[in-house]
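Reader: I'm new to this one and would love a close look at a single part. Could you walk me through how charged side chains pair up here, and then show me what else their neighbourhood holds?

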Amino acid sequence: MINAKKLYNTILSDKRIQDVTKNIFDAYPETVENFPCIIFLDDNQTDIEFADNLPLGDALSVQIHIFTKALSGYATTSAIGLVVAEVMKEQFFTCRNNREVPDVSDNVRHRVMYFTREVFS
């Protein structure tokens, strides 16, 4: 079994993502205060493909939440999402969901992206 959280940290440390935000968290803070920011959640990690009763790999699933302000000077969630998708796809992840989430907070925009990948040992 691989360390998925470490893998996601490494991927999201890509310079292109760091250029749009340095605020990257591996868990939801009580209140989102740093904009723009990316929050990733290790959604699921399961064993796949067995041989001799041992798994040959992992099926990974990660949620990536993007928060930004709908104000001049802030990158849009769509623009940040394009960068995230490019980096994740280069690491062989497939985007399963990419949507803007209605947010009642004043001037806050929220995008949720789900990525999956199978990794074989």
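Author: Happy to! Please keep in mind that this is a predicted model. The structure holds six salt bridges, and a few of them make a good tour.

Let's begin in helix H2, which covers residues 15-20. Here Asp-19 and Lys-15 form a salt bridge, with their closest N and O atoms 3.1 Å apart. The two residues are separated by about one helical turn, because they sit four residues apart in this helix. Are they buried or exposed? Asp-19 has a relative accessible area of 52%, so it counts as exposed. Lys-15 is exposed too, at 58% relative accessibility.

Helix H2 also reaches out to another helix. The side chain of Arg-16 meets that of Glu-90 in a salt bridge of 2.7 Å, N to O. This pair links distant parts of the chain: Arg-16 belongs to helix H2 and Glu-90 to helix H3 (residues 77-90), with their positions 74 residues apart. Arg-16 is partly exposed at 28% relative accessibility, and Glu-90 is partly exposed at 42%. Both residues belong to a network of salt bridges that also takes in Asp-14 and Glu-86.

Now for a bridge between strands. Arg-111 and Glu-100 join their side chains in a salt bridge, at 3.0 Å from N to O. Arg-111 lies in strand E5 (residues 108-120) and Glu-100 in strand E4 (residues 94-101), so the pair ties together parts eleven residues apart in sequence. With a relative accessible area of 11%, Arg-111 is under the 20% limit and therefore counts as buried. Its partner Glu-100 is partly exposed, at 34%.

Charge also turns up beside a ring: Lys-69 lies over the face of Phe-35, 4.9 Å from the ring centre.

Finally, look at a polar residue in strand E3 (residues 54-69), namely Gln-63. Gln-63 is buried, at 14% relative accessibility. Its side chain makes a polar contact of 3.0 Å with that of Asp-43. Setting aside neighbours within four places in sequence, the contacts of Gln-63 include Phe-40, Leu-41 and Tyr-114.

Phe-40 leads us on to the rings. The count of aromatic pairs is three. One of them is Tyr-8 with Phe-40, edge-to-face, 6.0 Å centre to centre and with 70° between the planes. This pair connects helix H1 (residues 4-12), home of Tyr-8, with strand E2 (residues 37-51), home of Phe-40, across 32 residues. Tyr-8 is buried at 1% relative accessibility, and Phe-40 is buried at 1% as well. Together with Phe-93, these two form one aromatic cluster.

Conventions. Residues numbered from 1 in each chain as written. Predicted model: local features only at pLDDT ≥ 70, side-chain atom pairs only at ≥ 80, totals over all residues. Heavy atoms only, no water. Phe/Tyr/Trp six-rings, centres within 6.5 Å; stacked < 30°, edge-to-face > 60°. Buried < 20%, exposed > 50% of the residue type's maximum accessible area, 1.4 Å probe, protein only. Lys NZ or Arg CZ within 6 Å of the ring centre and 35° of its normal. Polar contact = N/O pair within 3.5 Å; in protein donor to acceptor, adjacent residues only side chain to side chain. Contact = heavy atoms within 4.5 Å. Salt bridge = Lys/Arg side-chain N within 4 Å of Asp/Glu carboxyl O.
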